[in-house]
Amino acid sequence: MHSLSFDPLIALYDETRTVDAHCFRAALDALVERFPPSQYPRLFEPGIGNGRIAIPLAELGYTVTGADISPVMLRAGKDRASTLPIVWHQANVTRLPYTDATFDMAVATHLFYFIRDWQQAAAELLRVVRSDGPIVLMHTGNGTEIPALNARYKALCSDLAHPIPAIGVESTRDVVGYYEALGCRAEWLRDRWTWTAHTRLAQALGYIQARAYSFTTFAPDAIHSEVTRRLKLELEQQYGTLHTEIAVPNQVYMVIIMH
């Protein structure tokens with residue numbers, strides 16, 4: 001698998017990728033103030049999906065072009081944003097169908113984890129964005145996920161001889177290091193837009209059982225069923241009830257890459 005399609009996840013995509021509305025809007029406002037649409041009108045979003053990020057960016061004044069390999073996600077985005085200045089293309093980010101310096105800036109959200117040849121994708125962004133335009137690496141938090149629960153699911157899969165593969169990069173710092181090795185400058189904007197999510201174990205486990213997250217799509221059905229069964233038993237033994245809420249620190253953060 002060279003890149004992960006999110007089409008199988010579309011039914012639960014939005015509800016499992018929630019973000020604090022105030023923090024998200026404050027982060028976007030900071031982006032607009034730093035790179036106003038009047039000076040950076042043509043914005044490119046690789047991995048646009050169903051428009052979760054592109055739609056609010058278009059509402060703030062950018063003309064957005066997005067590329068994604070997932071046709072179902074793209075159709076959903078088109079349906080929900082038919083009146084906004086957004087162009088949707090089905091394309092692989094490692095081979096973008098645009099000439100050099102087509103765009104004024106790019107915003108990539110949680111992208112490089114799902115592309116095996118992530119260095120080529122990163123290089124493509126440099127190619128299609130003008131030389132003085134930013135590439136913004138954005139993270140919007142954990143949504144409804146409980147990271148410790150995800151890690152235990154993966155460990156149980158490994159125990160049953162079905163380890164969950166890593167498709168792309170394992171850390172944003174690797175992407176930043178790649179750009180810095182090419183002579184780019186990186187500015188981290190962290191710890192500005194933070195909140196704490198409180199997620200019930202039953203909800204988080206239910207989404208894992210429903211295969212709502214990318215890492216749950218790799219295990220065969222029998223392995224997935226056994227792993228979630230064991231996970232449920234462990235949680236009940238540890239917490240007594242699946243109605244227990246777990247506090248998960250979250251934040252929106254960005255890394256601004258300049259050529």
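## Helix 8 against helix 9

In this predicted model, helix 8 meets helix 9 through Leu 201, Leu 205, Ile 208 and Gln 209 on the helix 8 side. Helix 9 answers with His 224, Thr 228, Leu 231, Lys 232, Leu 235 and Tyr 239. Sorted by class, that contact comes out as six nonpolar, three polar and one charged residues.

As for geometry, helix 8 covers residues 201–209, and its axis lies 10 Å from that of helix 9, at an angle of about 170 degrees. The two helices are therefore roughly antiparallel to each other, since anything over 145 degrees counts as that.

## Helix 6 on helix 9

Helix 9 (residues 221–239) also has helix 6 (residues 147–159) as a partner: their axes come within 10 Å and cross at roughly 130 degrees. That angle makes helix 6 oblique to helix 9, and the crossing is right-handed.

Helix 6 puts Leu 149, Arg 152, Tyr 153, Leu 156 and Cys 157 into the contact. From helix 9 come His 224, Val 227, Thr 228, Arg 230, Leu 231, Glu 234 and Leu 235. By class, the residues of this contact split into seven nonpolar, two polar and three charged. If you line up the two lists for helix 9, you'll find that His 224, Thr 228, Leu 231 and Leu 235 touch helix 8 and also appear in the contact with helix 6.

## The loop between helix 8 and helix 9

Ser 214 sits in the loop that links helix 8 and helix 9. Is it buried or exposed? Ser 214 is buried, with a relative accessible area of 14%.

The neighbours of Ser 214 include some from far along the chain: Phe 6 is 208 residues away in sequence, yet the C-alpha atoms of the pair are 7.5 Å apart. Leaving aside residues up to four places away in sequence, Ser 214 touches Leu 4, Phe 6, Leu 9, Arg 17 and Phe 114.

## Helix 5 and what covers it

Helix 5 (residues 118–128) packs on helix 7 (residues 172–181) with axes 11 Å apart and an angle of about 55 degrees. So helix 5 is oblique to helix 7, and it passes helix 7 in a right-handed crossing. Trp 118, Gln 119, Ala 122, Ala 123, Leu 125 and Leu 126 make the contact from helix 5, against Asp 174, Val 175, Tyr 178 and Tyr 179 of helix 7. This contact has eight nonpolar residues, one polar and one charged.

Which residues of helix 5 are buried? They are Trp 118, Ala 121, Ala 122, Glu 124, Leu 125, Leu 126 and Val 128. Their cover includes helix 7, strand 1 (42–46), strand 4 and strand 5. Ala 121 is worth a closer look: its relative accessible area is 0%. Beyond residues up to four places away in sequence, Ala 121 touches Val 93, Thr 94, Phe 112 and Ile 115. With Val 93, 28 residues apart along the chain, the C-alpha separation is 5.4 Å.

## Two nonpolar cores

In soluble globular proteins, nonpolar side chains tend to be buried together. Here the largest nonpolar core has 33 residues, and Leu 57, Val 64, Ile 86, Met 105 and Val 107 have the most contacts inside it. Elements giving two or more residues to this core include helix 3 (54–59), strand 3 (86–90), strand 4 (105–109) and strand 7 (245–258). Helix 2 supplies the largest share, six residues.

Val 64 touches Leu 43, Ile 48, Ala 54, Leu 57, Ala 58, Pro 85, Ile 86 and Val 87, not counting residues up to four places away in sequence. A second, separate core of 29 residues includes Leu 96, Trp 118, Val 175 and Tyr 179. Of these, Trp 118, Val 175 and Tyr 179 also turn up in the contact between helix 5 and helix 7.

## Two alanines with positive phi

Most residues other than glycine have a negative phi. Ala 101 goes the other way, with a positive phi of about 55 degrees. Ala 101 lies in the loop between strand 3 and strand 4 and is partly exposed, at 36% relative accessible area.

Ala 161 also has a positive phi, near 70 degrees. You'll find Ala 161 in the loop between helix 6 and helix 7, where it is exposed, with a relative accessible area of 61%.

Methods:
Residues numbered from 1 in each chain as written. Predicted model: local features only at pLDDT ≥ 70, side-chain atom pairs only at ≥ 80, totals over all residues. Heavy atoms only, no water. Axes fitted to C-alpha atoms, helices over the stretch in contact; angles between N-to-C directions. Helix = DSSP H or I, 4+ residues; strand = E, 2+ residues; numbered from the N terminus. Parallel < 35°, antiparallel > 145°, perpendicular 65-115°, else oblique. Left-handed = near helix turned anticlockwise from the far one by under 90°. Contact = heavy atoms within 4.5 Å. Nonpolar A, V, L, I, M, F, W, Y, C, P; charged D, E, K, R; others polar. Core = buried A, V, L, I, M, F, W, Y, C linked by side-chain atoms within 4.5 Å. Buried < 20%, exposed > 50% of the residue type's maximum accessible area, 1.4 Å probe, protein only.
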